[in-house]
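Student: I'm new to this structure, and I'd like to get to know a single part of it properly. Could you pick one and take a close look at it with me, starting from the whole?

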Amino acid sequence: MRRVINFSATWCHPCKILSENLEKIQTDIPIEAFDIDDKFEVAQEFGIRGVPTMVMLDENVEVKRKTGLMSTAELEAWLNG
């Protein structure tokens, strides 16, 4: 089963916009949000070097990742591609 982890931070303006864009789209893929300041160990485990970063997992194996702000159209294409 696929799932996505959205790594962000409260101080990150592009992260806030990405979260707003995520709310505008429909997807069956579960999306978990992790604040890198609160979940530092998880961010470190995934090698997160910048936010926002979205990591897609399939059966807990990373299949793709995207760092940076995405529009709603880009998000839909990334999630469904």
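**From the whole chain to one hairpin**

Tutor: With 81 residues, a compact globule would have a radius of gyration near 12 Å, and the protein chain agrees with that because its own value is 12 Å. That radius is taken over C-alpha atoms, and the globule rule is 2.2 Å times the number of residues to the power 0.38. Keep in mind that this is a predicted model, where local features need pLDDT of at least 70 and side-chain atom pairs count only at pLDDT 80 or more, while totals for chains, interfaces and linings use all residues. Residues are numbered from 1 along each chain as its sequence is written, and side-chain values use heavy atoms, with hydrogens and water left out.

Along its principal axes, the C-alpha trace spans about 30 × 30 × 15 Å. The chain holds three helices and four strands, and its order along the sequence is β-α-β-α-β-β-α. Helices (H or I, at least four residues) and strands (E, at least two) are DSSP runs, numbered from the N terminus. Of the contacts with a separation of 6 or more, 67% are between residues 24 or more positions apart; a contact here means heavy atoms within 4.5 Å. As for cover, 38% of the 81 residues are buried. In this scheme, buried is under 20% relative accessible area, exposed is over 50%, and partly exposed is in between (1.4 Å probe, protein chains only).

Now for the part I'd pick: the β-β step in that pattern. Strand S3 covers residues 53-58 and strand S4 covers residues 61-67, and the two pair in the antiparallel sense over six bridges. Two strands count as paired if DSSP finds at least two bridges between them. Want to trace the pairing yourself? Find Met-56 and look across to Lys-64, its bridge partner in S4. Then go to Leu-57, whose partner in S4 is Glu-62.

Together, S3 and S4 form a hairpin with two residues between them. One of the residues in the loop between S3 and S4 is Glu-59, and Asn-60 has its place in that loop too. Both have a backbone angle worth a look. Glu-59 has a phi near 55°, a positive value in a residue other than glycine. For Asn-60, phi is near 65°, again positive in a residue other than glycine. Glu-59 counts as exposed because its relative accessible area is 56%, and Asn-60 is exposed as well, at 59%.

Step back from the turn into S3, and the picture changes: five of its six residues are buried. What else does S3 pair with? Strand S1 pairs with S3 in the antiparallel sense, over six bridges. On that side, Phe-7 stands opposite Thr-53 in S3.

Two residues of S1 show how S3 fits in with the rest. Asn-6 lies in S1, which covers residues 2-8, and it is buried because its relative accessible area is 2%. Setting aside residues up to four places away in sequence, Asn-6 touches Thr-53 and Met-54, along with others including Leu-18, Phe-34 and Pro-52. Val-4 is in strand S1 too, and its relative accessible area is 0%, so it counts as buried. Among the residues Val-4 contacts, leaving out neighbours within four places in sequence, are Met-54, Val-55 and Met-56, as well as Ile-31 and Trp-78.

Finally, look at the way into S3. Pro-52 has its place in the loop between helix H2 and S3, and the peptide bond from Val-51 to Pro-52 is cis, with omega near 0°. Arg-49 is found in the loop between H2 (40-45) and S3 as well, and it is exposed because its relative accessible area is 84%. The C-alpha atoms of Arg-49 and Val-4 are separated by 17 Å, with the two residues 45 apart along the chain. Arg-49 and Ile-36, 13 residues apart in sequence, are 10.0 Å apart, C-alpha to C-alpha.

To put the hairpin back together: S3 and S4 pair over six bridges, Glu-59 in the turn has a positive phi, and S3 is mostly covered.
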